[in-house]
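Student: I am new to this structure and would be grateful for a close look at a single part of it. Please take me through the surroundings of the bound molecule, and then place that part in its wider setting.

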Amino acid sequence: MWMEGAMAAGSVTNLPNPNRPPLLAADTVTKSFGTTSITEVLGGVSFSVTEGEFVSVVGPSGCGKTTLLLALSGLLRPDGGDVSFAGASVRGGTPPGLAIVFQDYSRSLLPWKTNLGNVLFGMRRVNDVSAAQKTERAMALLDSVGLNGFERHYPWQVSGGMQQRVAIARGIASQSRLLLLDEPLAAVDAQTRAEMQDLLLGIAKQYGQTCVLVTHDVEEAVYMGDRILVLSNRPARVVREIAVALPRPRDQIETRESAPFLAIRHEVLSLIRSMRRGGATGAAP
Amino acid sequence: MIWLHRAIALTLIVTIWQIGVWAALVPERFLPAPWTVIQALARILTSPDDMRAVAMTLLRALAGFALTVPLGIALGALAAFVPQVERALRPWTELLRPLPPAAIIPISIFTIGFGLKLYLFIITFAAIWPVYFNTLAAFAGTNDVLMRTGHAFGCSRTALVREIVLPHALPQIFIGIRIAASVALIGSVVTDIFAGQTGLGYLLFERAFALRVPDVFALTLICGLNGMLFNQMVLLLRRLVIGWHDQMMAEAAA
Ligand SMILES: Nc1ncnc2c1ncn2[C@@H]1O[C@H](COP(=O)(O)OP(=O)(O)O)[C@@H](O)[C@H]1O
Ligand SMILES: [Mg+2]
């Protein structure tokens with residue numbers, strides 16, 4: 001499976017180095033909901049993420065992407081399989097060094113804290129710096145996501161797009177080694193979305209941030225990622241991994257028009273279409 | 001602008017009242033003119049004895065309120081976090097909640113006698129319900145997105161309560177606190193009336209039996225003004241504790 005994607009993408013530059021232990025590893029993670037009528041949501045998801053990688057996860061709406069991210073972050077206990085982060089299981093809850101930006105970002109911001117307060121909340125496990133240094137760092141982060149001048153506003157006083165950027169800043173503020181992003185740009189308009197994509201890539205580069213980005217937008221997955229994981233319909237499984245050997249920094253116009261970009265886009269879209277037609281799920285062998 | 005509107009409303013009400021007096025719908029003995037009431041009010045406000053009575057009622061209400069709020073929050077929190085407690089208590093809360101404060105005065109006098117402790121008991125009994133039920137609902141209703149956020153950023157159980165559950169619950173708890181403030185005042189006056197030797201309620205009935213009708217009107221007005229005072233006190237407290245919520249509500253309304 002691996003090689004198919006790699007060949008479609010042309011040269012392979014971002015294969016995980018087998019000599020380096022993965023930062024995050026999911027091993028046949030399964031999860032079902034319900035007691036009387038059981039919905040199988042995760043049907044044995046396995047993959048790993050190496051430090052410094054930007055991994056995109058695409059899958060149809062409702063296939064279990066959010067469930068997967070919650071399991072990866074230790075917020076939801078899988079029924080079977082295991083997730084390990086930096087070599088240790090996340091079973092005990094979200095480990096330090098792992099941060100998540102929720103899909104429901106506006107409700108996940110604390111309305112009783114200012115934007116600055118929310119970012120500082122993201123730093124509550126950072127304890128090697130003084131309060132003043134934390135504030136300084138939080139201000140710098142808010143500045144880097146374009147919220148200069150809105151630090152003392154409450155989240156409900158700023159637009160949805162700004163709330164989203166506060167949530168992203170809060171995720172980064174925890175100085176995490178891994179940032180999980182759940183469809184962070186699903187609710188913003190196309191223009192803002194393009195800007196935020198580049199902002200996220202810039203931040204990931206600046207802070208050397210390893211990212212797992214969940215999205216249902218195939219082009220976004222290709223544009224952002226070093227690697228794409230395509231999930232099946234529910235119950236979700238990784239049906240293909242595709243390396244994205246596009247040069248960085250990426251460019252909204254050049255990258256999106258380049259032949260390798262279009263080839264990967266084609267591959268992912270036809271895969272998703274065939275799943276829709278065939279109704280294929282992860283349950284199929 | 002709002003002050004202009006309020007001035008107009010006040011003028012209108014006083015005018016209608018005055019017209020009612022002139023039309024003699026009720027004998028003036030029983031419906032005194034506004035000016036007569038204002039004179040009575042001035043007399044009461046400058047009488048040290050009367051003002052002591054008013055202050056006693058206010059202070060007892062305040063003491064009862066100060067006792068009720070932490071107790072109601074503690075019980076509500078206990079019931080929310082230990083569902084068995086809530087289930088075990090529910091028949092009792094359902095039974096006791098609808099009792100009017102005046103109805104429990106006889107039993108209370110038999111069992112605990114007169115004095116401040118009677119006031120504290122009646123007030124707490126009457127005012128605890130809104131605090132208890134609102135606290136219970138507020139703690140039980142914490143949304144899981146916020147809880148997840150707390151977990152995701154490494155909150156321990158106690159940190160979760162301090163950082164997420166409590167701040168999220170406070171606006172609703174304050175709804176209960178605000179109701180409790182007016183109920184505490186009612187409880188204080190009612191206890192004056194039925195079991196007091198002092199206080200605003202006692203004074204009110206004393207003057208009523210003496211047919212000093214302008215005084216009765218003035219004292220009733222003072223009861224209402226006390227309520228306004230209490231309400232302002234709670235609003236101030238609320239602004240200090242959850243100013244963010246006041247601001248959010250104000251901006252949502254604007
Ligand atoms: N807590 C839950 N209880 C029951 N069903 C759930 C729960 N969470 C998710 N589901 C179901 O699991 C499926 C996948 O949900 P989700 O992970 O949110 O999908 P996605 O993020 O890909 O849109 C959906 O059918 C949803 O209804
Ligand atoms: Mg989702």
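**The ligand site and its setting**

Tutor: In this predicted model, a polar atom in the side chain of Thr66(A) lies 2.8 Å from an oxygen atom of ligand 1. The next residue to consider is Thr67(A), which has a side-chain N or O atom 2.6 Å from an oxygen atom of ligand 1. Cys63(A) approaches through its backbone instead: one of its backbone N or O atoms is 3.3 Å from an oxygen atom of the ligand. Taken alone, ligand 1 exposes 560 Å², and the protein buries 60% of that area.

These three residues belong to a longer list of surroundings. Ligand 1 also has around it Ser61(A), Gly62(A), Gly64(A) and Lys65(A), together with Phe33(A), Val41(A) and Arg234(A).

The wider setting begins with the partner of chain A. The contact between the chains draws on 23 residues from chain A and 21 residues from chain B. About 2,000 Å² is buried between chain B and chain A, with carbon and sulfur atoms giving 68% of it. On the side of chain B, the residues that lose the most area to chain A are Arg148(B), Phe153(B) and Trp244(B), which together account for 34% of what that side buries.

Charged and polar pairs also occur across this interface. The count of salt bridges between chain B and chain A is one. In a salt bridge, the side chain of Lys113(A) meets that of Glu163(B), at 3.7 Å from N to O. Five residue pairs in polar contact are found between chain B and chain A, with both residues at pLDDT 80 or more.

Chain B has an internal boundary as well. Its residues are divided into domain 1 (1–31) and domain 2 (32–253), and the centres of these two domains, taken over C-alpha atoms, are 31 Å apart. Eight residues of domain 1 of chain B touch seven residues of domain 2 of chain B. Between them the two domains of chain B bury about 640 Å², 71% of it on carbon and sulfur atoms. Within domain 1 of chain B, Trp17(B), Phe30(B) and Leu31(B) lose the most area to domain 2, together 58% of what that side buries. The rule finds zero salt bridges across this domain interface, while one residue pair is in polar contact, both at pLDDT 80 or more. The domain 1 side that touches domain 2 consists of five nonpolar, one polar and two charged residues.

Note on methods: Residues are numbered from 1 along each chain as its sequence is written. Chains are lettered from A and ligands numbered from 1 in the order in which they are written. This is a predicted model: local features need pLDDT of at least 70, side-chain atom pairs count only at pLDDT 80 or more; totals for chains, interfaces and linings use all residues. Side-chain values use heavy atoms; hydrogens and water are left out. Domain bounds come from an automatic or database domain assignment. Contact means heavy atoms within 4.5 Å. Buried area is the accessible area (1.4 Å probe) that two parts lose on being put together, summed over both. A salt bridge is a side-chain nitrogen of Lys or Arg within 4 Å of a carboxyl oxygen of Asp or Glu. A polar contact is a pair of N or O atoms within 3.5 Å; within protein, one must be able to donate a hydrogen and the other to accept it, and residues adjacent in sequence count only if both atoms are side-chain atoms. Ala, Val, Leu, Ile, Met, Phe, Trp, Tyr, Cys and Pro count as nonpolar, Asp, Glu, Lys and Arg as charged, and the others, Gly among them, as polar. A residue is near a molecule or strand if one of its heavy atoms lies within 4 Å of it. Accessible areas come from the Shrake-Rupley method with a 1.4 Å probe; for residues, only the protein chains shown count as cover.
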